Structure formats: C-alpha cells, structure tokens
Amino acid sequence: MLTIALPKGRIAQDTLEKFEKAFGEKFVFEDRKLILVKAGFTFLNVRNQDVPTYVMHGAADLGVVGLDVLEEKEYDLIKLLDLQLGKCKVAIGLRAGEELDWSKSIIKVATKHEVIAKKYFEKKAMAVEIIKLYGSIELAPLVGLADCIVDIVETGATMKQNGLEVGATIMETSAHLIVNKNAYYSKKAAIFSLKEKIEAVL
Ligand code: PRP
C-alpha cells in the first residue's frame with residue numbers, strides 16, 4: 001500500500017487521470033472526503049503547500065507538487081518523476097513599461113515565494129525587503145505595496161490584465177512526483193513499479 005498526497009484542485013484531477021490510465025480504475029474523491037483508498041493506493045487531498053510536509057514527515061510515501069513549492073520548503077525529498085502537468089514559471093512582475101531600479105538601496109518584493117525571491121536577489125547582490133502575501137500578488141505594485149512581484153506565470157494573462165509586465169524568469173516549474181527518503185528504500189519495488197506505469201502513460 002502506497003500513500004500519495006495530492007494538491008487540491010486541477011493537478012489532483014490530472015494526476016488521478018494518469019492513474020486511471022495506468023491502472024484501469026476510476027479514482028475519484030467522494031464529495032468532501034479527504035482520503036481515497038483504492039487499488040492498493042491511499043490518496044490524500046491536501047493543500048498545495050502542505051504536500052511536501054506530509055511526505056517529509058512520512059505521513060505520505062509520495063506526493064505530487066510543483067518544483068516551486070518544493071524549492072520553497074527546502075526539504076530533503078527525492079524527485080522521482082516529472083508528471084509534465086501544471087507547467088509554468090516563476091517570474092518577476094513589474095508595472096508595464098517600468099524596469100527594476102538596481103540603483104535603489106533596497107527593493108520591495110511582494111510574493112508568496114519568499115525563499116525563491118530572496119535567493120534570486122541575493123545572487124544579484126541586491127538588498128530586498130520581502131513582503132509575504134498569500135494570493136492576488138499582482139495587486140501589490142499597483143497600490144504601492146511593492147516595487148515588483150515574484151509570482152507564478154502560466155499564460156501571463158493575470159499580469160497583463162492588471163497592468164503588469166512579465167520580467168525575468170527565475171525558474172521553470174511543473175508538477176513532480178516526490179518521495180520520502182525512508183519510503184524510497186523500504187518500498188522501493190512498489191515505488192518503481194508505480195513510476196514505470198505512470199511513465200508509460202505520460
Ligand atoms: C497563479 C498566480 C497568478 C496566476 C497566473 O495563481 O498567482 O495569479 O496563477 O496565471 P496566468 O499567467 O495564466 O494568468 P493561482 O491560480 O495558482 O492561484 P493562487 O494565487 O491562489 O495560488
């Protein structure tokens with residue numbers, strides 16, 4: 001039996017579709033249920049940012065999560081497979097027509113990706129004040145809360161519709177199957193058999 005933490009929403013649906021193709025079974029969470037047990041798997045329905053936490057603590061053997069979330073958590077987990085779902089990038093967003101003023105003594109950056117943003121500006125030897133937000137990040141530069149944002153860009157529509165421009169790309173991301181280190185060794189056969197079956201339907 002393998003336990004797999006899935007991020008609520010579209011990525012969970014798309015992942016379960018892959019499982020459906022790979023194992024010929026329907027995998028659907030009932031109504032408000034957060035656990036789904038079927039065909040030798042236990043799926044957990046958790047918040048995106050909580051997936052690495054379940055896997056790190058061994059409450060789930062595996063998880064599905066974007067590389068950006070993984071990078072933020074800085075946990076020691078194994079990346080098993082790129083599911084090629086939820087492809088997007090983490091990028092800078094600026095008010096349209098503006099550029100980052102590198103001569104400023106400090107730049108204010110609004111983001112929910114604190115670690116990624118901090119590392120990016122550190123590498124450029126630029127002092128930043130990180131303003132942590134949980135959503136609607138695009139609003140911050142419009143009302144003077146920040147000079148720029150670091151956020152997820154998929155189509156770029158959200159930035160565009162809010163008068164922002166997509167700047168430098170910090171990282172590309174997509175949903176990956178991740179594994180707990182202990183489970184990787186103690187359940188190696190089951191995990192590799194799963195990996196092969198999922199790979200075959202990608
Ligand atoms: C992300 C991100 C942007 C939007 C970008 O939000 O924060 O707002 O998607 O997509 P686009 O480039 O196609 O417009 P998400 O929908 O993941 O919601 P969240 O902010 O609650 O994480």
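**Exercise 1. Place Ser-174 in the fold and decide whether it is buried or exposed.**

Step 1. Ser-174 sits in strand β9. Helices (H or I, at least four residues) and strands (E, at least two) are DSSP runs, numbered from the N terminus. The model is predicted: local features need pLDDT of at least 70, side-chain atom pairs count only at pLDDT 80 or more, and totals for chains, interfaces and linings use all residues. Residues are numbered from 1 along each chain as its sequence is written, and side-chain values use heavy atoms, with hydrogens and water left out.

Step 2. Take the accessibility. Ser-174 has 6% relative accessibility, so it counts as buried. The classes are buried (under 20% relative accessible area), exposed (over 50%) and partly exposed (in between), with a 1.4 Å probe and protein chains only.

Step 3. List the contacts (heavy atoms within 4.5 Å). Beyond neighbours within four places in sequence, Ser-174 is in contact with Val-65, Gly-66, Leu-67, Asp-82, Leu-85, Gly-86 and Lys-87.

Step 4. Compare with the chain. Gly-163 is 11 residues from Ser-174 along the sequence, and their C-alpha atoms are separated by 26 Å.

**Exercise 2. Find which residues of helix α4 are buried, and what covers them.**

Step 1. Helix α4 covers residues 114–123. Its buried residues are Val-115, Ile-116, Ala-117, Tyr-120 and Phe-121.

Step 2. Recall the helix geometry. An α-helix has 3.6 residues a turn, so residues three or four places apart point the same way.

Step 3. Look at the cover. It includes α3 (67–73), β5 (78–95), β6 (107–111), β7 (128–132), β8 (148–153) and β9 (164–179).

Step 4. Check what comes next. Ala-125 follows α4 and has a positive phi, near 55°.

**Exercise 3. Describe the surroundings of the ligand.**

Step 1. Name the shell, using residues with a heavy atom within 4 Å of the ligand. The shell holds Lys-112, Glu-138, Asp-151, Ile-152, Val-153, Glu-154, Thr-155, Gly-156, Ala-157 and Thr-158.

Step 2. Assign the shell to elements. β8 gives the largest share, three residues. Both β8 and α5 (157–161) supply at least two residues each.

Step 3. Find close polar atoms. Lys-112 places a polar side-chain atom 2.4 Å from an oxygen atom of the ligand. For Glu-138, such an atom lies 2.8 Å from a ligand oxygen. For Thr-158, the distance to a ligand oxygen is 2.4 Å.

Step 4. Work out the cover. Alone, the ligand exposes 500 Å², and the protein buries 60% of that. These areas come from the Shrake-Rupley method with a 1.4 Å probe; for residues, only the protein chains shown count as cover.

**Exercise 4. Decide whether Asp-61 is buried or exposed, and list what it touches.**

Step 1. Asp-61 lies in the loop between α2 (51–56) and β4 (62–66).

Step 2. Its relative accessibility is 8%, so Asp-61 counts as buried.

Step 3. Skip residues up to four places away in sequence. Asp-61 then touches Met-1, Leu-2, Thr-3, Val-55, Ile-178, Val-179, Asn-180, Ala-183 and Lys-187.

**Exercise 5. Examine the positive phi of Ala-39 and of Gln-84.**

Step 1. Ala-39 has a phi near 50°, positive in a residue other than glycine. Its place is the loop between β2 (35–38) and β3 (41–46). At 43% relative accessibility, Ala-39 counts as partly exposed.

Step 2. Gln-84 is not a glycine either, yet its phi is positive, about 55°. Gln-84 belongs to strand β5. With a relative accessible area of 46%, Gln-84 is partly exposed.

Definitions and conventions. A residue is near a molecule or strand if one of its heavy atoms lies within 4 Å of it. A polar contact is a pair of N or O atoms within 3.5 Å; within protein, one must be able to donate a hydrogen and the other to accept it, and residues adjacent in sequence count only if both atoms are side-chain atoms.
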